[in-house]
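The following exercises are to be worked with the sequence and the coordinates at hand. Each task is followed by a stepwise solution.

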Amino acid sequence: MTRIENMISRAFLIGIIKMVDKNGIQNALEWLREIGEEMAEIEGPGFEGAREDEINYLPVCPFSNTLLDFIKIYGERPSQFVELINLSNKQMMEAEDGWDYPALTTVTGILHHSYLKRRGMMAGVELLNVGSRCPRTNNFVYNEKALEKANMTKEDVDKYLEKAYYVCKINYLKKE
Amino acid sequence: MNLIEAEKLYENSVKILKNNQHEKGGFYASPPGTRYPFIYPRDHSVAILGCIEAEMMDEARRGLEFVLNSQKPLGEFSQRYDVDGNDASYKDLQIDGNGLVLFAMGKYFEATGGLFFESMADRTFVEKHWETVKKAVEFILMNKNEEVDLIHTVNSIHEYPAYEHGFEIYANSACCAGILAAVKMGEALGEDVANWKAEAEKVREAILTRMYSPRRRSFIKCIRVKEKSSNPIGYDAFASSVIDVDVVEYAPAYFELIDQHDIKNRYTVRRIHDNLWDKEIGGLNRYPEIWDRNNGGYGPWCHFTCQLANHYIAIDDEDMAEMYMGWVLDMSHNYLLPEHISTIERFEIWYEDYTNAKILRDSKLTMIENIRNHPKWKDGMAYVTIPLIWPHAEYIRTYKSYIEKFG
């Protein structure tokens, strides 16, 4: 049920669909990343979520309520969302620096990965998103290159994905 | 009360503060390897206040340096930080942190000067961090509602939005006192802080009128309002009041916005004592049991009991002061103080409630194990999170006041 006071979040999801239709998938992908990065600059360095040793994870999916409600109202997962996820995950697999990409399960993951990653960079760490769990299907998705760089196995990540939706290895960058 | 034992607890509390300050300046909320090995500005600020009282000025300055350097770009001090000063929060805004940091900094500034304030006060430190102070005050004022002149928050001292989302007494008192501390520091530096002073006075007046119930003869916990800029707030979706007794209704006096002897404060403390003193095991509970957010089982908290002991010391009620402080002393185990104390029966009720409701988080499992393994379990008691640094800092403040007044 939409009320004027809570329409912004749904309007944003419709905005993503419109952006893909008007400017193409690649542009929409970059647009979402830029929003996440700009919000990170406003918020400053840091990590959000739970932490165990050098693992940072989100025990709840931050956008699942909004996203799942939207999909129900919309009737199905918008094709534009699927195209964005597929493109991002294709880039993750093909790019030399594929470890830099999210193991994506939802379209909103593009936004929060760029946000969390930039905040981590400002704090002097690289967040490697080794795996994610889809809030809709509970399927696990991994980032193979991030796993390799983090020196972790899928089994290592599964332990966290049983209780989390987004799992990152904290990779401390050497200070000059 | 056994004053020799009381002194030993004081001495160990000083050691606890020293041993739980990370080399970068942050005070852990509880030691590494236990439940809260992070730096929470709320707990951290009280640890600094404890250091000041124990004349550990170097530790206090390093603690302030740590938290002031960790300020977020908009001026906020977030819920918690890691030892490097990186924001590691997982909860929404807790604006009392801004007030507490400023309040502790003001106390440090006063204490460095003491009787020779003009010549001795650490102006260099305040000058160095003046831009941070400005941003911290502006962030508080950014969250002030112009219709009622109160500061809006989502969480406050109990991190419990169901009862704290809106204009909450502890957050408002801390923020008001924080701005007033910034005003004092600014005046000492010759800065123009007239606007801050006027704004703080508006907040103070609003606390004393809008958050005091003459018919109940008590401050109230919270005016629930969803959005900080709601205007008129009467149309806000949450518009209502929380009138249940909460131990932090004592906050206006704790933060020195009113005198300890003020009748509003004395009546409020009476209501707190009547309703929250634990009739089975003594000590002060933080809020009514029926709020049912009692991790580890409902029971009294050491640092809140210390705070009210301070009140009784201030109004020269030695019997009550001894009853409160003596209880804290009795509850210490090997001169260590827990977050709070419960009984096995209450622990099991909490465990049942949370298990049945499926709201028992994984992170609580270690806490449960520690409670069951603690030697006091065999005495029928549940000691929850021991040691916690906060009660040791509050105990230092209480002990020093007690000895100064009655010792």
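**Exercise 1. The sheet of chain A**

Determine the strand order, the pairing sense and the edge strands of the open sheet in chain A.

Solution. The model is a predicted one.

Step 1. In chain A, 5 strands make up an open sheet with the order S1-S2-S5-S3-S4, and their pairing is antiparallel.

Step 2. Strand S1 (50-52) and strand S4 (140-142) of chain A pair on one side only and are therefore the edge strands.

Step 3. From one strand to the next, the twist averages 30°.

**Exercise 2. The surroundings of strand S3 in chain A**

Describe how S3(A) pairs with S5(A) and with S4(A), and establish how many residues of S3(A) are buried.

Solution.

Step 1. Strand S3 (residues 125-133) and strand S5 (residues 166-172) of chain A are antiparallel and share 7 bridges. Two facing pairs may be located here: Leu127(A) is opposite Ile170(A) of S5(A), and Leu128(A) is opposite Lys169(A) of S5(A).

Step 2. The antiparallel pairing of S3(A) with S4(A) comprises 3 bridges. In this pairing, Gly131(A) faces Tyr142(A) of S4(A).

Step 3. S3(A) and S4(A) constitute a hairpin in which 6 residues separate the strands. Within the turn, Asn138(A) has a positive phi of about 65°.

Step 4. Of the 9 residues in S3(A), 8 are buried, and the strand is mostly covered.

**Exercise 3. The largest nonpolar core**

Identify the residues with the most contacts inside the largest nonpolar core, and trace which element supplies its largest share.

Solution.

Step 1. The largest nonpolar core contains 165 residues. Val130(A), Val167(A), Ile179(B), Ala182(B) and Ile389(B) have the most contacts inside it.

Step 2. Helix H9 (residues 169-189) of chain B provides the largest share of this core, namely 13 residues.

Step 3. At least three residues of this core come from each of domain 1 (1-20 + 277-407) and domain 2 (38-272) of chain B.

Step 4. Take Ile179(B) as a case: leaving aside residues up to four places away in sequence, Ile179(B) touches Leu102(B), Val137(B), Ile140(B), Trp196(B), Glu199(B) and Ala200(B).

**Exercise 4. The domains of chain B**

Characterise the contact between domain 1 and domain 2 of chain B, and name the element that gives the most to the domain 1 side.

Solution.

Step 1. The C-alpha centres of domain 1 and domain 2 of chain B are 24 Å apart.

Step 2. The contact involves 23 residues of domain 1 of chain B and 24 residues of domain 2 of chain B.

Step 3. On the domain 1 side, helix H1 (3-19), helix H13 (302-314) and helix H17 (389-406) of chain B each give two or more residues. H17(B) gives the most, with 8 residues.

Step 4. By class, the domain 1 side that touches domain 2 of chain B has 14 nonpolar, 3 polar and 6 charged residues.

**Exercise 5. The contact between the chains**

How many residues does each chain give to the contact, and which elements of chain A take part with two or more residues?

Solution.

Step 1. Chain A gives 12 residues and chain B gives 9 residues.

Step 2. Helix H2 (25-43) and S1 of chain A give two or more residues to the chain A side.

Step 3. This side of chain A divides into 5 nonpolar, 3 polar and 4 charged residues.

**Exercise 6. A loop residue**

Explain why Arg293(B) is classed as partly exposed.

Solution.

Step 1. Arg293(B) is in the loop that connects helix H12 (263-276) and H13 of chain B.

Step 2. Within 10 Å of Arg293(B) there are 16 other C-beta atoms. A residue is buried at 20 or more and exposed at 12 or fewer, so Arg293(B) is partly exposed.

Terms used: Residues are numbered from 1 along each chain as its sequence is written. Chains are lettered from A and ligands numbered from 1 in the order in which they are written. This is a predicted model: local features need pLDDT of at least 70, side-chain atom pairs count only at pLDDT 80 or more; totals for chains, interfaces and linings use all residues. A nonpolar core is a set of buried Ala, Val, Leu, Ile, Met, Phe, Trp, Tyr and Cys residues joined through C-beta atoms within 7 Å. Helices (H or I, at least four residues) and strands (E, at least two) are DSSP runs, numbered from the N terminus. Domain bounds come from an automatic or database domain assignment. Two residues are in contact if their C-beta atoms, placed from the backbone, lie within 7 Å. Ala, Val, Leu, Ile, Met, Phe, Trp, Tyr, Cys and Pro count as nonpolar, Asp, Glu, Lys and Arg as charged, and the others, Gly among them, as polar. Axes are lines fitted to C-alpha atoms, for helices over the stretch in contact, and angles run from 0 to 180 degrees between N-to-C directions.
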